[in-house]
2 protein chains.
Amino acid sequence: MEQHYDGIVPAAELNERVGKLQRAMQGRVDGALIIQKTDLFYFASTAQQGWLYVPATGAPLLLIFKDYQRACAESAWEQVASLASAKKLPAMLAEYGYPAPKVLGLELDVLPANLYFSYRQIFADAEIVDIAHDIRLVRAVKSLYEVEMIRRAARCSDQVFAKVPEILAEGKPEVAAAGELEGFARSLGHQGIVRMRLWGGELFYGHLMSGDAAAVPSYLASPTGGAGVSPLVSQGAGFRPIDRNEPILVDYVFALNGYCADHARIFCIGRLSDELLAAHEAMLDLQQQMKSAARPGARTGELYEQMITRADELGYGDRFMGVGERRIRFTGHGVGLELDEYPFIAKGQKMELATGMVLALEPKVIFPGRGVVGIENTHLVGEDGLESLTSSPESVISLAG
Amino acid sequence: MEQHYDGIVPAAELNERVGKLQRAMQGRVDGALIIQKTDLFYFASTAQQGWLYVPATGAPLLLIFKDYQRACAESAWEQVASLASAKKLPAMLAEYGYPAPKVLGLELDVLPANLYFSYRQIFADAEIVDIAHDIRLVRAVKSLYEVEMIRRAARCSDQVFAKVPEILAEGKPEVAAAGELEGFARSLGHQGIVRMRLWGGELFYGHLMSGDAAAVPSYLASPTGGAGVSPLVSQGAGFRPIDRNEPILVDYVFALNGYCADHARIFCIGRLSDELLAAHEAMLDLQQQMKSAARPGARTGELYEQMITRADELGYGDRFMGVGERRIRFTGHGVGLELDEYPFIAKGQKMELATGMVLALEPKVIFPGRGVVGIENTHLVGEDGLESLTSSPESVISLAG
């Protein structure tokens with residue numbers, strides 16, 4: 001079974017990844033200290049508590065607080081040492097023969113302020129700069145290995161979506177259906193935790209929401225929200241019972257061996273109104289258009305504008321990706337180890353697509369008080385445009401009930 | 001059904017909480033800007049994207065980016081305004097008649113460095129100080145309302161533990177059993193997300209681990225670890241099948257309406273060896289002793305030392321809370337909206353227990369290669385010591401199979 005793959009990243013991959021970061025650092029940054037769990041996994045194949053020091057040239061050094069033996073088993077890097085305290089980092093770097101960095105890169109987009117203050121003291125002679133944008137650019141373009149990992153996650157996601165018809169039932173609370181579906185995903189090897197980089201961004205598996213509940217806006221940067229179970233976790237499934245003849249939005253992330261596939265379909269017990277069915281078909285049309293337009297070199301901000309224009313032409317301009325002030329200004333986002341990776345198909349973005357980027361495209365129409373229709377697939381950017389990695393049937397799936 | 005309670009925090013409760021923070025700020029901080037989602041919920045009953053400005057005296061101001069209408073419905077505060085950008089905060093505060101803060105408190109333990117830089121620019125004339133310790137001290141002592149919320153979470157947790165015998169089966173992979181148990185918890189209204197304050201700390205529902213897998217150390221600050229499903233999420237349930245005659249550690253958090261109850265029991269299909277059974281009974285003995293020792297006024301660091309001494313006397317000194325360098329230097333932690341709240345029953349801690357604190361006490365013995373035994377309950381600190389809020393049977397639960 002593929003989910004039993006051990007998830008260890010091959011040495012050649014790690015070398016390639018660190019090499020790209022080093023090229024980005026040339027002449028600007030002397031060394032990068034990678035601390036965030038997901039970045040550490042990306043560059044060292046371990047998420048144990050520790051640090052990876054990446055010098056502008058030469059081999060990196062992996063320093064582990066807890067658990068050292070696991071990190072040694074997980075990471076292909078040859079230089080690994082046990083280190084109990086960040087205070088000893090400069091001495092440890094010197095011991096391994098690295099010159100003291102004059103300019104040190106840290107992940108300042110995620111590192112908490114108090115930790116930043118400590119590192120500033122520890123590296124008192126260095127200028128500290130933000131290395132996050134460079135890291136995110138490297139991570140945006142997936143290797144063949146990573147694409148294969150995301151394909152596996154997408155295949156698991158297809159299995160989850162194939163399970164949905166067994167689980168949905170009239171009168172069942174959203175949260176009960178969500179629990180069954182999530183439990184099934186977990187049995188396939190879903191890692192549970194879905195990572196987001198944005199501070200305060202968070203997702204629990206995904207959303208299963210029926211009728212008007214899917215159209216309730218939330219704190220999440222997403223076109224759909226959901227009631228959730230309380231004012232603290234006010235997104236996703238709530239206690240509302242699933243009803244007949246309304247759109248049931250199933251929007252889930254499968255996270256396998258670290259890699260995410262994002263995927264949404266519309267189900268219905270009974271039959272959806274012609275108006276909602278037509279809106280759903282319009283979103284499939286929009287997706288189809290983008291699949292050929294989203295080629296290497298296309299600017300993400302322009303793709304966003306094309307989608308807005310096309311939604312307008314199709315007659316959904318005022319309900320596309322939200323209503324009024326609550327409209328979300330993006331239609332797609334990169335996925336990989338995190339759910340909010342580069343690139344963003346969003347207003348004003350200048351980044352160009354490149355072969356090997358993987359992104360979730362999610363054209364959706366919001367009908368307040370009635371529900372949400374639309375589609376989401378995780379796609380690979382190739383020479384001819386987008387290839388969908390998630391592949392369950394795309395029309396509204398009507399269930400007898 | 002209690003899980004359908006709407007979770008909105010009463011006005012009197014919010015007033016009391018903000019009043020405590022204001023008393024802590026007196027003469028030291030002119031205003032606190034609460035941004036972190038959990039703190040915002042604590043002080044404003046909403047986790048929508050936004051800010052709560054708490055002046056040293058007077059009424060607070062709730063400013064919401066997304067979603068404004070939900071925040072208005074969730075929060076009892078009367079002054080609520082819509083705000084699109086942090087840059088407009090000083091103008092908005094002036095508009096509502098607040099003097100510009102000379103000393104501004106921010107949650108510097110969790111706020112990312114880049115956001116700290118922005119707020120420093122936005123409030124260029126203010127000195128920015130860390131308000132996190134004050135907030136955590138206020139949050140450490142629970143009100144009667146909060147204790148009732150944690151009691152409800154604990155009752156749900158008891159239901160989850162009563163379900164375990166139906167789910168465990170010889171040969172079933174840990175992760176499949178975990179998925180079923182987690183799906184059941186979700187159907188009772190579990191919020192899914194379990195919050196931790198520590199950067200890089202994370203937990204997905206909890207841990208279900210069989211035999212030696214429970215004794216595998218992980219990146220988590222916990223006496224037990226687990227294989228997990230990959231090197232990225234290398235804690236908790238993995239693909240190992242559950243076996244006979246070994247301890248199955250079920251250590252789960254139930255999070256209801258924001259509030260957590262933490263709870264662990266040992267199950268066994270068949271029969272555990274006398275050596276492990278004796279170690280388990282020793283941990284129950286240790287818990288019993290702490291229940292009367294942990295009274296208001298007791299110093300947390302001294303309670304920790306008492307537990308270490310007692311474990312030593314009972315003959316488990318070298319395996320209590322971990323082995324060798326991997327031993328964890330705490331035996332308990334506060335719980336509430338987050339899993340790592342004050343106080344910590346930990347080496348060197350000087351904090352005194354107070355009536356109304358709620359803490360999880362988790363004496364455990366680690367047998368590398370064999371498994372984990374021990375106990376965890378969530379307790380309320382009262383005049384006579386600890387009252388357990390979680391209440392499933394405490395002995396090793398043997399199942400025929």
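# Exercises on a predicted two-chain model

In this predicted model, A:P343 sits in strand β13 of chain A, which spans residues 341-346. Let's start from there.

## Exercise 1: Backbone outliers

Find which peptide bond leads into A:P343 in the cis form, then look up where B:D67 and A:Y205 lie.

**Solution.**
- Step 1. Recall the background: most residues other than glycine have a negative phi, and most peptide bonds are trans.
- Step 2. Check omega at the proline. The bond from A:Y342 to A:P343 is cis, with omega near -5 degrees.
- Step 3. Turn to chain B, where B:K66 and B:D67 are also joined by a cis peptide bond, with omega about 5 degrees. B:D67 belongs to the loop between β3 (61-66) and α3 of chain B.
- Step 4. Now look at phi. A:Y205 is not a glycine, yet its phi is positive, about 60 degrees. A:Y205 is placed in the loop that links β8 (203-204) to β9 (206-210) in chain A.

## Exercise 2: Two open sheets

Work out the strand order and the edge strands of the five-stranded sheet in chain B, then do likewise for the six-stranded sheet in chain A.

**Solution.**
- Step 1. As a reminder, strands of a sheet pair through backbone hydrogen bonds, either parallel or antiparallel.
- Step 2. In chain B, the five strands of the open sheet follow the order β13-β12-β14-β17-β18, and the pairing is antiparallel. Its edges are β13 (341-346) and β18 (385-388) of chain B, because each pairs on one side only. On average, neighbouring strands here are turned by 30 degrees against each other, direction ignored.
- Step 3. Zoom in on one pair: β12 (330-334) and β14 (358-361) of chain B are antiparallel partners over three bridges. Within β14(B), A360 of chain B, or B:A360, is the bridge partner of B:H333.
- Step 4. Add the helix. α10 (300-313) of chain B lies across β12, β13 and β14 of chain B, at about 40 degrees to β13(B).
- Step 5. In chain A, the six-stranded open sheet reads β4-β3-β2-β1-β5-β6, with mixed pairing. The edge strands are β4 (80-82) and β6 (127-130) of chain A, and the average turn between neighbours is 25 degrees, direction ignored.
- Step 6. One antiparallel pair in chain A is β1 (31-34) with β2 (49-55), joined by four bridges. A:G31 has A:P55 in β2(A) as its bridge partner.

## Exercise 3: How the chains meet

Determine the symmetry relation between chain B and chain A, and describe their interface.

**Solution.**
- Step 1. Superpose the copies: a turn of 180 degrees with a shift of 0.0 Å along the axis lays chain B on chain A, at an RMSD of 0.0 Å. This is the relation of a two-fold axis.
- Step 2. Compare the contact surfaces. Of the interface residues of chain B, 100% are also interface residues in chain A, so the copies meet through the same surface.
- Step 3. Size the contact: chain B contributes 72 residues and chain A 72 residues. The chains bury about 6,000 Å² between them, 61% of it on carbon and sulfur atoms. B:R186, B:W199 and B:L232 supply 14% of the area that chain B buries against chain A, more than any other three residues.
- Step 4. Count the polar features. Between the chains there are four salt bridges, including B:R195 with A:E202, whose closest N and O atoms are 2.9 Å apart. Across the interface, 33 residue pairs are in polar contact.
- Step 5. Assign the elements. On the side of chain B that touches chain A, α8(B) gives the largest share, eight residues.

Technical notes. Residues are numbered from 1 along each chain as its sequence is written. Chains are lettered from A and ligands numbered from 1 in the order in which they are written. This is a predicted model: local features need pLDDT of at least 70, side-chain atom pairs count only at pLDDT 80 or more; totals for chains, interfaces and linings use all residues. Side-chain values use heavy atoms; hydrogens and water are left out. Axes are lines fitted to C-alpha atoms, for helices over the stretch in contact, and angles run from 0 to 180 degrees between N-to-C directions. Contact means heavy atoms within 4.5 Å. Copies are superposed by least squares on the C-alpha atoms of residues with pLDDT of at least 70 in both. Buried area is the accessible area (1.4 Å probe) that two parts lose on being put together, summed over both. A salt bridge is a side-chain nitrogen of Lys or Arg within 4 Å of a carboxyl oxygen of Asp or Glu. A polar contact is a pair of N or O atoms within 3.5 Å; within protein, one must be able to donate a hydrogen and the other to accept it, and residues adjacent in sequence count only if both atoms are side-chain atoms.
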